[in-house]
Amino acid sequence: MPLYTVMTQDGFLSSGQRDVIAAELVRIHTAAMNVPADFVHSIFPTYSRNQAHVAENHSPVASILGVIRAGHTSEEKTRLVQALWKMIQDNTGISDSDLSVALQEVPPSQAIENGGIMPDVGHEKKPS
């Protein structure tokens, strides 16, 4: 936790771009939420061409959905989505109309990470 799902049209991202974006997700999330890097997971599923739409038009939609622990402030979450938006645009050039970034919150007690129930925000064990 968090789990970032970066969904794009097949062929939109190169392997190198996925690696850069994964590293940026770790950098952005750890800075915005003050958590250890090993909390951050990312996956990059794709969909076939002409399988996404903006309004009624086929579009190469890209989206980032971040599932995060509940308990962060509104300001932290706003900074996070703004940083994610800028990062994906900087790394792909995707237009505003073809991009979606959203967060979904899960109570820490309803998530397991590294074999244990997630701690409440602010109660993470810092790496030694």
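## Val6 and strand E1

Val6 is buried, with just 1% relative accessible area. This valine sits in strand E1. Keep in mind that we're looking at a predicted model here. Along the chain, Val6 and Val61 are 55 residues apart, while their C-alpha atoms are 11 Å apart in space.

Just before strand E1, which covers 3-9, comes Pro2. The bond between Met1 and Pro2 is a cis peptide, with omega at about 5°.

## The cavity

How many cavities of 30 Å³ or more are there? The count is one. The largest cavity holds about 40 Å³ of space. Met1 and Pro2, the pair joined by the cis peptide bond, both help line this cavity, along with His29, Ile68, Arg69 and His72. Sorted by class, the lining has three nonpolar residues, two polar ones and one charged one.

## Salt bridges

A search through the whole structure turns up three salt bridges. Let's take them one at a time.

Glu24 pairs with Arg27, with N and O 2.7 Å apart. These two are three residues apart in helix H1 (residues 15-33), so about one helical turn separates them. Glu24 is partly exposed at 22% relative accessible area, and Arg27 is partly exposed as well, at 46%. Over in helix H2, Lys86 forms a salt bridge with Asp90, and the closest N and O atoms are 2.6 Å apart. Again the separation is about one helical turn, because Lys86 and Asp90 are four residues apart in H2. Asp90 counts as exposed, at 53% relative accessibility.

The remaining pair is Lys77 and Glu105, whose side chains meet at 3.1 Å, N to O. Lys77 belongs to helix H2 and Glu105 to strand E7 (residues 99-106), so this salt bridge ties together parts that are 28 residues apart in sequence. Glu105 is partly exposed, with 38% relative accessibility.

## Glu76, a buried acid

Helix H2 (residues 74-92) also contains Glu76. What is the nearest side chain of opposite charge to this buried residue? It's Arg79, at 5.0 Å, and Glu76 has no salt bridge. A salt bridge needs the nitrogen and the carboxyl oxygen within 4 Å, so the distance to Arg79 is over the cut-off. The Glu76 side chain does have a polar partner, though: it reaches the backbone nitrogen of Thr73 at 2.8 Å.

## Positive phi in two loops

Two residues other than glycine deserve a look for their backbone angles. Asn50 has a positive phi, near 65°. This asparagine is in the loop between strand E3 (46-47) and strand E4 (53-54). Asn50 counts as partly exposed, at 40% relative accessibility.

Ala55 isn't a glycine either, yet its phi is positive at about 55°. You'll find Ala55 in the loop between E4 and strand E5 (57-58). Is Ala55 buried or exposed? At 67% relative accessible area, Ala55 is exposed.

## Met118, after strand E9

Finally, check out Met118, in the segment after strand E9 (116-117). Met118 is buried, with a relative accessible area of 5%. From Met118 to Thr8 is 110 residues in sequence and 29 Å in space, C-alpha to C-alpha.

Definitions and conventions: Residues numbered from 1 in each chain as written. Predicted model: local features only at pLDDT ≥ 70, side-chain atom pairs only at ≥ 80, totals over all residues. Heavy atoms only, no water. 1 Å grid on protein atoms, 1.4 Å probe; cavity = no way out; pocket = protein on both sides within 12 Å on 5 of 7 lines; lining within 4 Å. Points joined across faces, edges and corners; volume = space filled by probe spheres on them. Nonpolar A, V, L, I, M, F, W, Y, C, P; charged D, E, K, R; others polar. Buried < 20%, exposed > 50% of the residue type's maximum accessible area, 1.4 Å probe, protein only. Lys, Arg positive; Asp, Glu negative; His and termini not counted. Polar contact = N/O pair within 3.5 Å; in protein donor to acceptor, adjacent residues only side chain to side chain.
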